[in-house]
Amino acid sequence: RLGWECGAAVRALHRAGIAWGTYPDALGIHCNAHANNLAVKPPEVGGAPGTFLAALDFDMAFTREGFLPAAAASHAGLGLDTWDGVLAFEATMGMRTTLGGSD
């Protein structure tokens, strides 16, 4: 159940046209789409009754309009220079790998 909710959080952001916050920086690739950016909440709290997780850490989130492909040109091989590539990275290399045990 909790793994499904992690994926649902990423899907909800992406459907709303929001990237959680994935971009290359001086330390490598920063990606906010990971399980430790979700908090456990009582199921009756929040906008989705019956869910147990709430997403956090939106300080680096951005929309398609705010996306700067040139800023990620150095990581084009990973697809980070395209909007769809950023969303795919968040879903696979971000959330999916942390749920699979990667830190």
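# A guided reading of the predicted model

D57 is found in the loop between strand 5 and strand 6. The model in which this residue is placed is a predicted one, and the loop offers a convenient point of entry. Most residues other than glycine have a negative phi, and most peptide bonds are trans. Against that background, D57 deserves attention: its phi is near 65°, a positive value in a residue other than glycine. With a relative accessible area of 30%, D57 is partly exposed.

The loop between strand 5 and strand 6 also holds F58. The relative accessible area of F58 is 40%, so this residue is partly exposed, falling between the limits of 20% and 50%. Once neighbours within four places in sequence are left aside, F58 is in contact with L13 and W20. F58 and N32 stand 26 residues apart in sequence, while their C-alpha atoms are 8.0 Å apart in space.

A further member of this loop, between strand 5 and strand 6, is M60. M60 is partly exposed, and its relative accessible area is 37%. Not counting residues up to four places away in sequence, M60 touches W20, G21, Y23, H30 and N32. W20 is thus among the contacts of F58 and among those of M60. From M60 to M95 there are 35 residues in sequence and 16 Å in space, C-alpha to C-alpha.

The chain then continues to strand 6, residues 62–63, where F62 lies. F62 takes part in the aromatic pairs, of which the model has 4. The ring centres of F62 and F67 are 6.1 Å apart and their planes meet at 10°; because planes under 30 degrees apart count as stacked, this pair is stacked. Both F62 and F67 are buried. F62 also pairs with W83: here the ring centres are 6.0 Å apart and the planes lie at 70°, so the arrangement is edge-to-face, the term for planes over 60 degrees apart. Since F62 belongs to strand 6 and W83 to helix 2 (residues 83–99), this pair ties together parts that are 21 residues apart in sequence. W83, like F62, is buried. Together F62, F67 and W83 form one aromatic cluster.

From helix 2 the reader may turn to helix 1. Helix 1 has 14 residues, which at 1.5 Å a residue should span 20 Å; the C-alpha atoms at its ends are 20 Å apart, so the expectation and the model agree. The buried residues of helix 1 are E5, C6, G7, A8, A9, V10, L13 and H14. These buried residues pack against strand 1 (18–19), strand 4 (38–40), strand 5 and helix 2.

H14 gives a particular example. This residue is found in helix 1, and its relative accessible area is 17%; because buried means under 20%, H14 counts as buried. Apart from neighbours within four places in sequence, H14 is in contact with L87, E90 and A91. Just after helix 1, G17 takes a positive phi of about 80°.

Helix 1 leads in turn to the open space in the model. Rolling a probe the size of a water molecule over the atoms shows where empty space is left. In this model the largest pocket holds about 280 Å³ of space. Its lining is made up of 17 residues, and A9, A48, T51, L53 and A54 are those nearest the centre of the pocket. Helix 1 (2–15) and strand 5 (53–55) are the elements that give two or more residues to this lining. Helix 1 provides the largest share, with 6 residues. In character, the lining divides into 12 nonpolar, 3 polar and 2 charged residues. A9, one of the residues nearest the pocket centre, is also among the buried residues of helix 1.

A last stop lies in another loop, between strand 2 (22–25) and strand 3 (28–31), where L27 is found. L27 has a relative accessible area of 84%, and because exposed means over 50%, this residue is exposed. L27 and P43 are 16 residues apart along the chain, and their C-alpha atoms are separated by 37 Å.

Definitions and conventions. Residues numbered from 1 in each chain as written. Predicted model: local features only at pLDDT ≥ 70, side-chain atom pairs only at ≥ 80, totals over all residues. Heavy atoms only, no water. 1 Å grid on protein atoms, 1.4 Å probe; cavity = no way out; pocket = protein on both sides within 12 Å on 5 of 7 lines; lining within 4 Å. Points joined across faces, edges and corners; volume = space filled by probe spheres on them. Helix = DSSP H or I, 4+ residues; strand = E, 2+ residues; numbered from the N terminus. Nonpolar A, V, L, I, M, F, W, Y, C, P; charged D, E, K, R; others polar. Phe/Tyr/Trp six-rings, centres within 6.5 Å; stacked < 30°, edge-to-face > 60°. Buried < 20%, exposed > 50% of the residue type's maximum accessible area, 1.4 Å probe, protein only. Expected span 1.5 Å × (residues − 1). Contact = heavy atoms within 4.5 Å.
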